[in-house]
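Student: Hey, I've just opened this one and could use a walk through it. Can we go over it together?

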Amino acid sequence: MILKGYILIYGYLLLILGISSICSKVFKLRTIFTKKFIHISISFCYVIMYYYFGTSIHIIIPPISFIIINILSYKFGLFKAMEDGSGNLGTIYYPISVFIMALITHFVPDFYPAFGIGLFCMAFGDGFAPLVSGFLRSRKIYSNKTVSGTATVFGFSLMGILIFNYIFKLEFSVFEMLVVSIVSALLELFDKKGLDNLFVPLGVSLLVYLLEVI
């Protein structure tokens, strides 16, 4: 069971990197698209970890390995499909936030739904925001953030918490789900050097957990 989980996670990672590399080299897809494809797709490792690892110590191993892989890629340009040369550290902050949430979950099993909501709000919200804002030009509201991009984060965050609310029977009210989605959208505004990949998942997951236990 545990071994199968590792095989699926790293096999899935290789598949994602392979597809993104092919799209980059063969179809000349811009880095913003391949990078966001990886950003969104890798979040589904959560499902594998949840099913095969539960709250065992094994849930922190993939995030640790991803931190190492992404640091090496950032430094040596190993995976061109996720490195745009901008100096953005989001690819490193991403697995760090996942590691922190996984570590909390290992010691506090009830944190699992919050972990997932925080992760998917960041993966889908932040993943699609620049793509949508690039397609739907709109007024800037802060730094390089636009109305359409922020609305995208809000929409995907709301969708994510609705799904988790149903699957995990969290019994969040509509008001609570709206609050979490608004907070997610606000946190995503602060993305200096990719810090939103820390702020969004950690902030959202902690808020969700507090709403669960209060």
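**A first look**

Tutor: Sure, starting with the inside: 45% of the 214 residues of the protein count as buried, where buried means under 20% relative accessible area, exposed over 50% and partly exposed in between (1.4 Å probe, protein chains only).

Student: Anything I should know about the model itself?

Tutor: This is a predicted model, where local features need pLDDT of at least 70 and side-chain atom pairs count only at pLDDT 80 or more, while totals for chains, interfaces and linings use all residues. Residues are numbered from 1 along each chain as its sequence is written, and side-chain values use heavy atoms, with hydrogens and water left out.

Student: OK, how many helices and strands does the protein have?

Tutor: There are 9 helices and 2 strands, taken as DSSP runs numbered from the N terminus (helices are H or I, at least four residues; strands are E, at least two). Along the sequence the pattern reads α-α-α-α-α-α-β-β-α-α-α.

Student: And what's the radius of gyration of the protein?

Tutor: It's 17 Å, close to the 17 Å that the globule rule gives for 214 residues, so the protein is as compact as a globular protein of that length. That radius is taken over C-alpha atoms, and the rule is 2.2 Å times the number of residues to the power 0.38.

Student: What share of the contacts is between residues 24 or more positions apart?

Tutor: Among contacts with a separation of 6 or more, such pairs account for 72%; a contact means heavy atoms within 4.5 Å.

Student: Switching topic: how many disulfides does the structure hold?

Tutor: It holds 0, a disulfide being a pair of cysteine sulfur atoms within 2.5 Å.

Student: Why is there no bond for C23?

Tutor: Because its closest cysteine sulfur, in C45, is 18 Å away, which is too far for a bond. C45 is in no disulfide either, and its nearest cysteine sulfur, that of C121, is 18 Å away.

Student: Is C45 buried or exposed?

Tutor: C45 is buried, at 3% relative accessibility, whereas C23 is partly exposed at 21%.

Student: Last thing, which loop is K28 in?

Tutor: K28 lies in the loop between α1 (2-25) and α2 (31-41). Its phi is near 55°, a positive value in a residue other than glycine. Most residues other than glycine have a negative phi.

Student: And where is K169?

Tutor: K169 is in the loop between α7 (147-167) and α8 (174-187), with a positive phi of about 50°. K169 is exposed, with a relative accessible area of 59%, and K28 is exposed with 67%.
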